[in-house]
Amino acid sequence: MSKYCHDLCVSTIDRLSSKHVLLKLTQDTPLPKMLPGQFVEVRVDNSPHTFLRRPISVNYVDKRKNEMWLLVAAVGAGTKEMLKLRVGDNLNCLFPLGNSFTTADKLHGRKVLLVGGGVGVAPLLFQGQTLLESGNQPYFLLGARSASDLLELDLFKEMGPVYVTTEDFSAGEKGYVTDHTILQNEHFDFIQTCGPKPMMQSVARYARERKIECEASLENLMACGLGACLCCVEKTVEGNLCVCTDGPVFNIKKLLW
């Protein structure tokens with residue numbers, strides 16, 4: 001798949017919380033094809049402490065409006081600077097990068113559960129939409145520390161059943177995603193997950209125990225996005241692989257978890 005380096009215009013900014021913002025980006029020409037699970041390397045301007053691009057998952061692609069959505073969490077100098085963007089500003093993006101989740105056409109007729117934690121829910125919105133468009137009903141299991149940390153919940157609910165856990169019991173069931181009773185009461189044929197590594201490892205254990213196919217989108221530090229810097233190397237059954245080029249999505253059978 002071809003890669004592009006474009007200045008995209010910020011068309012809309014939705015502030016979801018004090019530390020989360022949804023950026024909607026567009027350009028005059030049609031955006032290139034993108035797949036759920038792929039990511040963007042964003043150049044952060046006007047930040048003296050940010051020398052490398054920042055990897056951000058593609059949250060959604062609105063073909064009708066020719067918009068790409070990026071869900072940004074302010075966790076460091078680079079992403080905090082991105083929260084200062086205004087409508088009309090340009091954001092230089094290298095995209096689309098990496099591989100994707102198993103595509104919707106290959107999951108037809110299978111009961112798919114999408115499991116996300118924190119800002120890791122971002123690529124699951126795009127994947128849920130592609131499943132829905134292909135005639136597959138997606139199911140979502142989303143976890144967060146508190147109700148205020150649950151992101152884009154209304155959008156997920158528009159696509160399918162949503163199950164929630166929070167650590168402080170402020171919404172849904174108390175605990176982690178793997179504590180939710182839906183995992184005991186329902187059978188799923190395929191699981192796709194993204195979020196904090198400990199969460200994904202727990203989801204992977206659950207999937208292995210029940211012999212369910214499972215994919216995880218890793219969030220290793222990806223400084224270049226092109227496999228040159230080797231910052232994101234992950235040990236796998238096939239040896240050391242770059243998450244930015246061989247992933248970020250891996251079948252858990254490849255991972256040494």
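1. A good place to start is Val42, which stands opposite Cys93 in S6. Three bridges join strand S3 (residues 39-42) to S6 (residues 90-97), and the two run antiparallel. Two strands count as paired if DSSP finds at least two bridges between them; strands are DSSP runs of E with at least two residues, helices are runs of H or I with at least four, and both are numbered from the N terminus.

2. Before going on: this is a predicted model, where local features need pLDDT of at least 70 and side-chain atom pairs count only at pLDDT 80 or more, while totals for chains, interfaces and linings use all residues. Residues are numbered from 1 along each chain as its sequence is written, and side-chain values use heavy atoms, leaving out hydrogens and water.

3. S3 and S6 belong to a barrel that six strands close in the order S1-S2-S5-S4-S3-S6, with antiparallel pairing.

4. Now the inside. The largest nonpolar core (buried Ala, Val, Leu, Ile, Met, Phe, Trp, Tyr and Cys residues joined through side-chain atoms within 4.5 Å; buried means under 20% relative accessible area with a 1.4 Å probe, protein chains only) has 31 residues. Leu113, Val115, Leu141 and Ile191 have the most contacts inside this core. Helix H5 gives the largest share, six residues.

5. Take Val115 as an example: leaving aside neighbours within four places in sequence, its contacts (heavy atoms within 4.5 Å) include Leu124, Leu141, Ile191 and Met199.

6. Apart from that core lies another, of 26 residues, among them Leu22, Ala104, Leu107 and Val164.

Definitions and conventions: Buried < 20%, exposed > 50% of the residue type's maximum accessible area, 1.4 Å probe, protein only.
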